[in-house]
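Colleague: Hello! Could you pick a single part of this structure, take a close look at its contacts for me, and then go on to the rest at your own pace?

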Amino acid sequence: VRDWSGTLFKEELCHHLVREMEFDYMAGQTVIVFINGEYWGIHSLRERQDEDYLRMNHDLSNPEVDIIAHKLRVGLEVEEGSVDAYNELLDILSTADLSGEEGFSLIGELLDVNSITDYYIAELYFANGDFPHNNYKIWKEQSTKGKWNWLFYDCDACMFRTRYDHLSEYFSPVGSIGTHDEWTLEIFRKVLQNELFRDHFIQRLLYHIQHTFEPSRVIAEIDRFEEMYRPLIPEHIFRWNQPNEVIKWVHNVSMLRTFAIQRSPELLVQLQKNLGSPLSIWPNPSAGEIHIKHPLSGELGISIRSLTGTALYSGHFTAAAEGEELLVNTELPPGMYILTLAGPSLSFSEKLIIE
């Protein structure tokens, strides 16, 4: 589904939302085009991601780069340089022991860890239906110290499917029936095998859910683009009949807001389904003293309820840093309970047993 028949600004919106994330995106500018004096409608002028883009945006010690892409109906495509370093990367990931600190260190030598982490978080959040079999690029400079980085582009097929769970494909058994070919999943599937990388991924995902993709922030940006585009839409529709009427355009914009409201909570559910809860309690069973490991910061509330929902304990804490361990002492009778830790925008629950 191409966005020229939808909101006209979704691609620009997506690139604007990810500007603070640690991968390469395409800066853009909305323009009204006239050709030989004839009105040609609303267009988005954007950067071209090629070797010149990389040289201008990065302080490269070696001007030569490799750019490897996934292309629909083509497969793997070398856009710049050669495929040799990419094949070497796949060989190392398929044969090396990626467990523990040594495995995480090796991953960090091969890949820009923040780049791959933030890139996949963005693609997962936007529920991009044209990825990873298409619209996927990685690059590195041709040097022994060069690391692979990710290029974000083409989000026409984003922000449609609020329940889309692409994350589960990376945890399905190799060879199982899935939406995408195994070769398109290979790199991220491999690095997720490392526990330290998974922890890093979880922390970054929770951060971006609370900040980058926090619903009110996304909706505020949608409102801003809507206000900018609204006066331009009638003439564009008259010229191209795409979308076919203004009320349809208004509906399409409202669907972006629906996505913004629903997607972050859904992504949190998928995170816990595939990677487990970020909240851990120990000892559990406990005699009453409970240590709580969590990914939240700021003002936190803790509540403990019986299995029937009766509130039995509540407390408030201030976590100066994300993941700061909390200690709670309770005087609850032996039994099974539900402990909930709530932050400003996220909450997690876990079963608690008191002996």
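Modeller: Happy to! Let me start with Asn62, which touches Glu141, Gln142 and Ser143 once residues up to four places away in sequence are set aside. Please keep in mind that this is a predicted model. Asn62 is found in the loop that runs between helix α2 (51-57) and strand β3 (65-71). One of its three partners also offers a polar atom: the backbone oxygen of Gln142 lies 2.3 Å from a polar atom of the Asn62 side chain. So that you can weigh that number, the cut-off for a polar contact is a pair of N or O atoms within 3.5 Å.

A serine makes a good companion to this asparagine. Ser264 lies in helix α10, which covers residues 246-275. Here, too, a side chain meets a backbone oxygen: that of Phe213 is 2.9 Å from a polar atom of the Ser264 side chain. Leaving out neighbours within four places in sequence, Ser264 is in contact with Phe213, Tyr125, Ile209 and Pro215. Its relative accessible area is 3%, so Ser264 is buried.

Another helix is worth a look for its cover. Helix α6 spans residues 182-191, and 7 of its 10 residues are buried, so it is mostly covered. The buried set holds Leu185, Ile187, Phe188 and Val191, and also Thr184, Arg189 and Lys190. As background, an α-helix has 3.6 residues a turn, so residues three or four places apart point the same way.

Now for the cysteines. The structure holds 1 disulfide, and the pair that forms it is Cys155 and Cys158, with sulfur atoms 2.0 Å apart. The torsion about this S-S bond is about -75°, and the disulfide of Cys155 and Cys158 is therefore left-handed. Cys14, by contrast, is in no disulfide; the nearest cysteine sulfur to it is that of Cys155, 3.9 Å away. That distance leaves Cys14 unpaired because a disulfide needs sulfur atoms within 2.5 Å. Cys155 has 0% relative accessibility and so counts as buried. Cys158 is likewise buried, at 0%, and Cys14 counts as buried with a value of 0% too.

The surface has something to show as well. Leu307, Met336 and Ile338 make a nonpolar patch of about 260 Å². Leu307 sits in the loop between β9 (298-306) and β10 (311-319). With a relative accessible area of 57%, Leu307 is exposed, because the threshold is over 50%.

Finally, the chain as a whole. It has 10 helices and 13 strands, and its C-alpha atoms fill a box of roughly 80 × 50 × 40 Å along the principal axes. Of the 355 residues, 48% count as buried. The chain exposes about 17200 Å², and carbon and sulfur atoms supply 51% of that area. Among contacts with a separation of 6 or more, 65% join residues 24 or more positions apart. The asparagine I began with is one place to see contacts between separate parts of the sequence, since Asn62 touches Glu141, Gln142 and Ser143.

Key
Residues numbered from 1 in each chain as written. Predicted model: local features only at pLDDT ≥ 70, side-chain atom pairs only at ≥ 80, totals over all residues. Heavy atoms only, no water. Buried < 20%, exposed > 50% of the residue type's maximum accessible area, 1.4 Å probe, protein only. Patch = residues over 30% accessible without salt bridge, like charges linked within 9 Å, V, L, I, M, F, W, Y side chains within 5 Å. Areas by Shrake-Rupley, 256 points an atom, 1.4 Å probe, with all protein chains shown as cover. Salt bridge = Lys/Arg side-chain N within 4 Å of Asp/Glu carboxyl O. Helix = DSSP H or I, 4+ residues; strand = E, 2+ residues; numbered from the N terminus. Polar contact = N/O pair within 3.5 Å; in protein donor to acceptor, adjacent residues only side chain to side chain. Contact = heavy atoms within 4.5 Å.
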